Amino acid sequence: MSLTETSTERIITPARNILGSLRLPGDKSISHRYALLGGLAHGTTRLTNFSTGADCASSLACVEALGAKVTRSADAIEIEGVAGAFRPTEKPLDCGNSGSTMRMLSGLLAPQQGSFTLIGDASLSRRPMERVRKPLAQMGAHIDLTEGHAPVTIHGAKLNSIDYTTPVPSAQVKSAVLFAGLQTSGTTTVREAVRTRDHSELALRGFGAEVTRTLDSVSIQGLPQLQAIQAAVPGDISSAAFFLCAAALFPGSNLVFDSLGLNPTRATLLDALTALGAHIGVLNLEEKNGELVGTVQVNAPRDGLTGTTVSGALAAQLIDELPVLAAIGPYTKNGIRIRDAKELRVKESDRIALVAENLRAMGAEVIEFDDGLDVPGGQQLHAAEINSGGDHRIAMAFSVAALRATGQTLIRGAESAAISFPEFFGLLEQVIER
Ligand code: S3P
């Protein structure tokens with residue numbers, strides 16, 4: 001069979017090795033927060049290495065529609081903030097595919113004056129929004145959803161501070177409550193059983209808010225005046241994950257990442273790869289605007305990856321990296337088992353179902369659970385047509401699996417990689433040795 005590429009389909013040919021050095025575009029989670037808080041702050045925020053993904057462009061476009069002045073140039077994004085008061089818009093705010101934009105912006109807008117409507121694409125319109133409406137409503141916000149989903153209509157109101165325990169681990173929900181608490185007098189506290197990514201806490205401090213933490217809670221003092229920042233966004237470790245896993249598959253591989261974000265709430269993949277037997281080196285650690293940044297080197301073990309189980313708190317911390325970890329499971333000796341990851345079912349797609357479907361298409365045996373997957377090791381995959389379901393992380397995860405499969409794999413919906421990582425296929429070609 002001869003395959004041809006189109007604007008939405010990519011062909012992945014097996015690799016012999018992965019070698020090279022990469023500097024990746026800015027972290028998606030951090031870029032969202034800097035864009036949203038920069039939009040609200042006083043003064044002009046200047047950001048270099050801002051995420052190149054469509055998701056962060058959605059956050060920028062929303063703050064621009066809300067009155068911030070955004071200047072995009074080749075070297076930086078500048079955001080002249082609205083100094084505390086967003087301007088209501090006539091047209092709905094389009095969050096595209098981005099759950100982070102919709103959920104965090106809901107928290108930012110709930111205490112503002114005026115009404116705002118947030119819409120998203122078909123995937124985002126299927127995702128649960130009650131999880132942000134509920135705590136914000138407890139603060140006194142007026143938010144309408146349609147059967148728990150977008151469109152989200154916010155009628156701005158003066159809010160009361162709260163002490164809220166998140167029922168599911170979600171950094172987006174935590175951030176929405178903190179962003180509302182930022183604009184509410186008193187102390188707002190969010191408690192979480194598993195510490196999720198803490199970029200909002202760090203960014204809020206950077207913009208001048210008073211944030212304090214205990215082991216399982218974070219509190220913000222209301223009504224500070226946020227001041228613009230200047231920052232270089234660290235490279236995105238969730239984008240690096242695809243390359244780290246690819247390199248871990250080829251004995252003799254060597255891949256180095258400069259200026260990679262290494263925030264401990266995001267770097268769990270490095271521990272997981274180490275547990276699988278990969279050699280990970282970290283050098284030149286520095287702190288920038290509260291975020292750890294460093295150089296990472298990965299080498300595969302000579303006799304192959306072992307196997308691991310990801311469950312409990314680890315599943316929450318590795319949530320965005322689980323599709324690629326599962327996709328390389330067949331190539332490990334003892335397999336990859338994932339439990340306690342039910343949240344994967346409500347991401348940009350049902351990631352448990354799609355990972356299982358695509359692994360099976362490539363000839364693997366896999367057991368699907370409500371909250372995870374069991375991917376036995378010692379299985380050779382063959383080429384297949386991959387259904388990415390329009391989900392960027394599924395498209396990229398199976399491009400990695402295809403590198404060690406027999407034959408040429410067709411990735412359908414490959415253009416979705418641009419949601420977080422438009423450079424993915426180009427950079428992959430750069431580091432593949434055939
Ligand atoms: C994100 C939090 C996670 C993650 C998403 C980005 C963030 O989502 O999956 O890709 O930037 O806060 P949840 O908060 O829904 O777990």
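The legends below describe views of a predicted model of one protein chain.

**View 1. Overall dimensions of the chain.** The C-alpha atoms of the chain occupy a box of roughly 60 × 45 × 45 Å along the principal axes. For 434 residues a compact globule would be expected to have a radius of gyration near 22 Å, and because the chain has 21 Å, the value agrees with that expectation.

**View 2. Secondary structure and contacts of the chain.** The chain contains 13 helices together with 24 strands. Among the contacts in the chain with a separation of 6 or more, 74% are accounted for by residues that lie 24 or more positions apart.

**View 3. Burial, surface and charge.** Of the 434 residues in the chain, 58% are buried, while the area that the chain exposes comes to about 15900 Å², with carbon and sulfur atoms supplying 49% of it. The chain carries 38 positive and 45 negative charges, and the mean positions of these two sets are 2 Å apart.

**View 4. Close-up of helix α7, residues 237-248.** Helix α7 has 12 residues, which at 1.5 Å a residue should span 16 Å, and its end C-alpha atoms are 15 Å apart, so the helix agrees with the expected span.

**View 5. Close-up of the residues of α7 and their cover.** The helix α7 is mostly covered, with 12 of its 12 residues buried. The buried residues of α7 include the aromatic pair Phe242 and Phe243, and also Ile237, Leu244 and Cys245. Ser238 and Ser239 are likewise among the buried residues of this helix, as are Ala240, Ala241, Ala246, Ala247 and Ala248.

How values were computed
Residues are numbered from 1 along each chain as its sequence is written. This is a predicted model: local features need pLDDT of at least 70, side-chain atom pairs count only at pLDDT 80 or more; totals for chains, interfaces and linings use all residues. Side-chain values use heavy atoms; hydrogens and water are left out. Helices (H or I, at least four residues) and strands (E, at least two) are DSSP runs, numbered from the N terminus. The radius of gyration is taken over C-alpha atoms; the globule rule is 2.2 Å times the number of residues to the power 0.38. Buried means under 20% relative accessible area, exposed over 50%, partly exposed in between (1.4 Å probe, protein chains only). Contact means heavy atoms within 4.5 Å. Accessible areas come from the Shrake-Rupley method with a 1.4 Å probe; for residues, only the protein chains shown count as cover. Lys and Arg count as positive and Asp and Glu as negative; His and the chain ends are not counted. The place of a charge is taken as NZ of Lys, CZ of Arg, CG of Asp or CD of Glu. The expected span of a helix is 1.5 Å times one less than its number of residues.
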